[in-house]
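Thank you all for making time this morning. I would like to walk you through one structure, slowly, and I will begin with a charged side chain before I turn to the sheets around it.

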Amino acid sequence: MHSIYSRVNAVSGLWSTCLMVLLGAIALSSMFLSADPKGDVSVTSLKVFHGKAKRYPYKKQEFGFVNFNITADLTPLFNWNTKQLFLYLEAEYTNAQGVKNDVVLWDRIVRRKEDAVINFSGKNKYKFRDLSKTFKNVAPAHYALKYNVMPYVGMLTYGEAARTAEPIGFPEAQESMS
């Protein structure tokens, strides 16, 4: 005769095994759904100013300010297993030392399919600066609209919705940040 504890253990073991098999099937079925979002990114202006870092006010640095337009239709990325999308604009360039840099300038979280058609004009949300403290001798930057699909169950998937056709060079730095 089995005790009540061994019976509860057997039932909960069977239940957790069935649940894991079901979650695995859900993750596998949504992994092979393909989506091709369409979008466009255009940079309307790029300015560079001399400034001081907040942490070290005695150190001079150059800051980039980007105005951009984003239009994208991300509705194909939403299916029954999509919880939300993390959408971000990234500047990709190579600095004077030959190091490739990817800097996030703007981001947005899209939680509903109804909000997945993006039409946004604005400026960078985060500071745009190079670790070498200057944008001189920096290769022109490509700007890309990238996304991260966060499912209810399964793996995160990354992709690119839009990219500028031509790289955009950095102008000479202006004196004040006004």
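Let me start with glutamate 160, which is partly exposed, since its relative accessible area is 36%. Please keep in mind throughout that what you see is a predicted model. The partner of glutamate 160 is arginine 163, and in this salt bridge the closest N and O atoms are 3.0 Å apart. Arginine 163 is likewise partly exposed, with a relative accessible area of 33%. This pair belongs to a network in which salt bridges that share partners join Glu90, Glu92, Lys146, Glu160 and Arg163.

Within that network, I would draw your attention to lysine 146 and glutamate 90, whose salt bridge has its closest N and O atoms 2.8 Å apart. Lysine 146 lies in strand β6 and glutamate 90 in strand β3, so this pair ties together parts that are 56 residues apart in sequence. Are these two residues buried or exposed? Both lysine 146 and glutamate 90 are buried, and buried here stands for a relative accessible area under 20%.

How many salt bridges does a search of the whole structure find? The search finds eight, and another of them is formed by the side chains of aspartate 102 and lysine 100, at 3.0 Å from N to O. Aspartate 102 is partly exposed, at 42% relative accessible area, whereas lysine 100 is exposed, at 56%.

Now to the sheet that holds β3 and β6, which is an open sheet of four strands, ordered β4-β3-β6-β7 and paired in antiparallel fashion. Its edge strands are β4 and β7, the latter covering residues 157-163, and each of them pairs on one side only. From one strand to the next, the twist averages 30°. Strand β3, residues 82-94, and strand β6, residues 142-151, run antiparallel and are joined by ten bridges. If you want a place to look along that pairing, alanine 91 has tyrosine 143 in β6 as its bridge partner.

On the edge strand β4, residues 100-110, we find aspartate 107. Aspartate 107 is buried, with a relative accessible area of 14%. Which side chains does aspartate 107 reach through polar contacts? One contact, of 2.8 Å, joins its side chain to that of lysine 125, and another, of 2.9 Å, joins it to the side chain of tyrosine 126.

There is also an open sheet of three strands, in the order β1-β2-β5, and here too the pairing is antiparallel. Strands β1 (38-52) and β5 (117-123) are the edges, each pairing on one side only. Direction ignored, neighbouring strands of this sheet are turned by 20° against each other on average. Between β1 and strand β2, which takes in residues 60-73, there are 14 bridges, and the two run antiparallel. As a landmark there, phenylalanine 49 stands opposite phenylalanine 63 in β2.

Finally, I would like to turn to helix α1, residues 4-31, where tryptophan 15 is found. With a relative accessibility of 59%, tryptophan 15 counts as exposed, because the cut-off for that word is over 50%. Together with Leu19, Met20 and Leu22, Trp15 forms a nonpolar patch on the surface, and the accessible area of these residues together is about 450 Å².

That is where I will stop, and I am happy to take questions.

Key. Residues numbered from 1 in each chain as written. Predicted model: local features only at pLDDT ≥ 70, side-chain atom pairs only at ≥ 80, totals over all residues. Heavy atoms only, no water. Patch = residues over 30% accessible without salt bridge, like charges linked within 9 Å, V, L, I, M, F, W, Y side chains within 5 Å. Areas by Shrake-Rupley, 256 points an atom, 1.4 Å probe, with all protein chains shown as cover. Salt bridge = Lys/Arg side-chain N within 4 Å of Asp/Glu carboxyl O. Buried < 20%, exposed > 50% of the residue type's maximum accessible area, 1.4 Å probe, protein only. Pairing = 2+ DSSP bridges. Axes fitted to C-alpha atoms, helices over the stretch in contact; angles between N-to-C directions. Polar contact = N/O pair within 3.5 Å; in protein donor to acceptor, adjacent residues only side chain to side chain.
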